[in-house]
Structures are given as C-alpha cells and as structure tokens.
Amino acid sequence: MSRTVADDLVDVLVRAGVTRVYGLVGDSLNAFSDAVRRSGTLQWVHVHHEESAAFAASAEAQLTGRLAVCAGSCGPGNVHLIQGVMDAHRSGAPVLALASHIASTQIGMGFFQETKPELLFGQASHYCELVSKPAQLDRTARIAIQNAVGKGGAAVLVLPGDVLSDESAHEPPDSALVAGRPKPVPDDAAVAELAERINGASKIAIFAGIGCAEAREEVLRLAAWLEAPIGHTLRGKDVMQYDNPYDVGMTGLLGYGACHKALHEADLVLLLGTDFPYTDFLPARDNVQVDLDPSRLGRRAPISQGIAADVGHTIRALMPLLREKTDRSFLDGMLREHERAVRRSVDAYTHDVDHLVPIHPEYLAALVDELAADDAIFTADTGMCCTWAARYLTPNGRRRLIGSFVHGSMANALPMAIGAQFAYPGRQVVSLSGDGGLAMLMGELLTVKTHRLPVKVVVFNNSSLAMVRLEMMVAGDPPFETDHDMVDYGAIASAAGFFTRRVTEPGRLREAVKEVLANDGPALLDVVTTADALEVPSHVTAAEARGFALSMGKIVLDGGIGEAWRLARTNLRHL
C-alpha cells in the first residue's frame, strides 16, 4: 500500500509526542483512522460524542502541559467538536483538533454535510487552516502544533477526506517542533516603577491566578516579604491554597473567606497571572497587573500599572528592590477574618448533618474530599458542583482540579475525567457531576466502560439546574423550568456495567463514598441532594439581596409559602 497524506499526519503527531487521539470515526476520517490503526504508535480513544473527545483532550493537555489531539468527521462531527475545542482554547490548553471535511471537489457546492470549518472554528483557535493539497500537510500541521503549544490554546487542521487518502507528496522532513511557551522578561524600568509603588504602600494584597502555576514559590516569598494576604481564583486554587500561611480564600460568585475584604481594603493590589472576569468583585483602583498576555492587562479592572511578562521572572527581578515590611496588622486581621468566615459558612454543613434529608451537597463534597486519594484528580461540572469543589476540596500540591472554568460549559466533568484517566492511569480520577450535566453527555458512561477506565463518578442528584435556579432568584424571578424528574442514575450506570451505590440517607453516605472510591473499576455514586442549598458568595450586593427577596415574595404570592420556608430553613446555617 502506498504512503498516504494521513500517514504523514500520523508521523507529525508522533514527532510532537502525541500518544493518542480522542474521536469518533466517520467516513471523511476513514483514511486517518486507518493510518492510526496501521501506525502501531497512536491509540484511538473511541468516545460517544465529538464534544467529549475535545473535552478529554483539553483535560489531558491541562494536566500534562503537552499537546493533546481530538478528531471529528465532516459536518455534524465538526459542529459537535467545537464546544470542547472552544473550552480548550479559552482554558489555554494546547489542543490540536483534526476537523475532517467533505471531498475537496465538492466544497462550495452545498454538498451533503457541508459546513465552512475555517469560519466555524475561527473564534475557537489560534490557527485554523484548510489542507487542500498533499504538499501542504507537513508544514501546516507543524504550524498548527506550534500555535497550540507556543500560544496556549487550540489549533485546527481542516482535512478533506480525499486529501487525507491521497498519495503522500514526499517523505516528511525531520523538522524540530516548538517545545513550550515563551516567558517574557519584564522591562527594568517597569520593575523599578512597580518597586516604588510597593515600597510606598502600607497594605498590600495579592490576587493569584493560574498564571502563577510555575511561580508558586516566588509568590509566597513575595507575600512573606510584604506581609501580604493572598487570595486566589478557582483555577489558582491548586497552585496557591495548600501550605500557604497567607491564604485568605477566593472572591467572586464561588468565593469564600476574606479575599474580597482584603482586596478592597488594601492600598495596593497585585493581580498576578489572573484574568478573573467578574469585575464587580474586583477593586476599581490601586491595581497592578502582571500577565504574559498584554491583551489582558486592564481589561477586567482599572490598573495603575500593567506588566506584560512572566510572573516568576517579574518577582525575581523585583525582590532586590523591595524594602521588607514588618507590620503584620493588615495580614493578621485578614487571616482572622478568613478563619471566622470559613468557620461560619464553609464548615456550616459538615457538622451535625446525619439527620438532614435530603442530603446537603456540601456534606457530600466534604466526605469526598476527606476520603479521596492524596493525589486524586477531580473534574467538576459547571454550576453548583463548581461551588462545592471550590469550597470543600483541599489541594495539597499533588491533587488537581480542572473544569470548564473559563468557557463555563455544562457536561464537561465526565469527558474530562476520561482524558485525565488516560493521561494518568495509575491515579484516582473523580468526576463531580451534576445530574443536569451527566444527563447531557450520559453516553460517555459507555466510553468509560468500553475502555475499562477506573473513573469514579459522583452525582449530585438534586433534580434541578440549581445554578440557573439561583440566578433566576437573584434576578428577582421565581424559578421556572429548572426542575426535572428524579432519575436513578445508579440504576442506569449499573446497567452499563458500573459498580454503583445510590444514597438517600446521610447516615449511609460515608460508607458509600468509601466503597465507590475503593472499587478498582468504573464506579458511580448517585446521591440524592437538596436543590435548596444556595451558593452564597462571600460578598452579596444590595441589588442581589433585593432580587432574591423579590423572588421569595413572588413565590409566596404564588402560593409557594412551603417552598419559601423550606429554602429558608435549608440555608439557615449560612447566617
């Protein structure tokens, strides 16, 4: 058999260190999937929805920092793929999406399943190009990979099926590929200006994001020198919360602790490696931002100074210019406030709860945190699961937590768990799935079973789109079309070959969590939780309080006094 363009593509991927491709086979992909089969070096991971393929690749790329690959067939396959590709791109995950296309001779003719992938994926990638001739393949593939890895995000190759099956134009040259992202060094004058600002401030707070992932020690050293409290984003939780004597929690809708207070009472706030989008929770003055990407500087909150550089390089250049601060009063005050806030709200549902029915989701999250492995990888669905993960999972430098934290897609947790388990077959992977998210991509339970992955799926089963429910109430509206029928996901998973436990009584929960986490194969824990548990941020605006009160009034006027009473009773512990 003669060598094909698809064989050339496989060789480029192997040279880039790729070991597997997540995807769903289809006619326009046949030449490529057959090249994978014949290669003996690449593994094809069969999923049940192209969106899941991209989510799985995104998870692998985020956890390993290396290129991951997903593939979808023409037309509907591409349209399905784009959701997960967008998530990978916005998360900065180096993912290459192979979007096969209709036959090149039919492009532009309104052919069966025709789309315009270059337009479709344009917003979801750094690079998206059509390979129209065999001679283009090697260079376009390498350029796509270098965009994904070098810039952090997605790149897309559009591959007509007939081009993939064409005879190779030549033996691909052995050309080097980029190994990582650039790390700019800050300008000396900018560092001197920042040092002057810091030396002139008495109360300094640090707000750290995922951009501090490779600069943890530098950030802690800076905080110690400045006696500065450190708040963090959800993506920065893995990086900055553990073994951190300056930690004051998170701000935002998922926030807890004293982070919001610290940021707003400081004379100077250092925004390090974060593009936190919720401007209402950020101070509107006295901010300095350091980020690799200059387009992010000042786009969330006004800044007095912006530095487009690597966080670690910046701090190392800065430290010799700083005067050590010895006044701990601001730091100690925020640490005391943080302890009180955590004890009052975050710990409220983890004590004296064995009689509360339905089960509180906070209690479930706390037990999973307590009983999961020290190096567990957690994936969290968007919605209330994010809240419980943010507040109850304890990082330790070995655990990881990922989710659709930038794009905010539903149904991400289970497919991300698939990618995580393939990337780290020897580690415990736990999917924290909402019932709404699990229902959306439930077919991936079959993927887990097909590949015999020991993924643990924990279902927060409250028969409600609880985050949307809360959003409606904060806006002053009673919940509408957010609730659905109770489903026994344990029974469904059992039929798919999972070890399962279903729990409705809190007294049985601890043992069920232990059994599911200890099982050596695919396992699912279905826990019936209350839909009335509210995500109460560390800071609530007057408008939000008025909206919630208005919503409760409408519920009462509609005859729902029982519902209003139940909601109030459920959340009394927050007070």
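Asp243 sits in the loop that runs between helix H10 (237-240) and strand E9 (249-250). The model is predicted. In it, Asp243 has a positive phi near 45°, in a residue other than glycine. Asp243 counts as exposed, because its relative accessibility is 67% and the cut-off is over 50%.

Glu227 is another residue other than glycine with a positive phi, here near 50°. Its loop lies between helix H9 (216-226) and strand E8 (230-232). Is Glu227 buried or exposed? Glu227 is buried, because its relative accessible area of 13% falls under 20%.

The two loop residues are set out below.

| Residue | Phi | Relative accessibility | Loop between |
|---|---|---|---|
| Asp243 | near 45° | 67%, exposed | H10 (237-240) and E9 (249-250) |
| Glu227 | near 50° | 13%, buried | H9 (216-226) and E8 (230-232) |

**Helix H2 and its cover**

A positive phi also turns up just after helix H2, where Gly40 takes about 75°. H2 itself spans residues 30-39. Its buried residues are Ala31, Phe32, Ser33, Ala35 and Val36. What covers them? Helices H1 (5-15) and H7 (161-165) are part of the cover. Strands E1 (20-23), E2 (43-46) and E4 (95-101) are included as well.

**Ala71 in strand E3**

Strand E3 covers residues 68-72 and holds Ala71. Ala71 counts as buried because its relative accessibility is 0%. Which residues does Ala71 touch, leaving out those up to four places away in sequence? The contacts are Val21, Tyr22, Gly23, Leu24, Leu29, Trp44, Glu50, Leu81 and Leu98. Leu98 is 27 residues from Ala71 along the chain, yet their C-alpha atoms are separated by 4.5 Å.

**The six-stranded sheet**

An open sheet has six strands in the order E15-E14-E16-E17-E19-E18. The pairing is parallel. Strand E15 (400-403) and strand E18 (499-503) form the edges, each pairing on one side only. From one strand to the next, the twist averages 15°.

Strand E14 (residues 377-380) runs parallel to E15, and four bridges join the two. Ile377 stands opposite Arg400 in E15. Helix H3 (residues 50-64) packs on the sheet and touches E14 and E15. The direction of H3 makes about 145° with that of E15. Helix H14 (residues 361-371) packs on the sheet too. H14 touches E14, strand E16 (429-434), strand E17 (456-461) and strand E19 (523-528). Between the directions of H14 and E17 the angle is about 165°.

**Cavities**

How many cavities of 30 Å³ or more does the structure hold? There are six. The largest has a volume of about 60 Å³. Its lining is made up of Leu194, Ile198, Leu222, Leu270, Leu272, Val290, Val311, Thr314, Ile315 and Leu318. By class, nine of these lining residues are nonpolar, one is polar and none is charged.

Where does the lining come from? Helix H8 (188-199), strand E11 (268-272) and helix H12 (311-318) each supply at least two residues. H12 gives the largest share, with four residues.

Key: Residues numbered from 1 in each chain as written. Predicted model: local features only at pLDDT ≥ 70, side-chain atom pairs only at ≥ 80, totals over all residues. Heavy atoms only, no water. Pairing = 2+ DSSP bridges. Axes fitted to C-alpha atoms, helices over the stretch in contact; angles between N-to-C directions. Contact = heavy atoms within 4.5 Å. 1 Å grid on protein atoms, 1.4 Å probe; cavity = no way out; pocket = protein on both sides within 12 Å on 5 of 7 lines; lining within 4 Å. Points joined across faces, edges and corners; volume = space filled by probe spheres on them. Nonpolar A, V, L, I, M, F, W, Y, C, P; charged D, E, K, R; others polar. Buried < 20%, exposed > 50% of the residue type's maximum accessible area, 1.4 Å probe, protein only.
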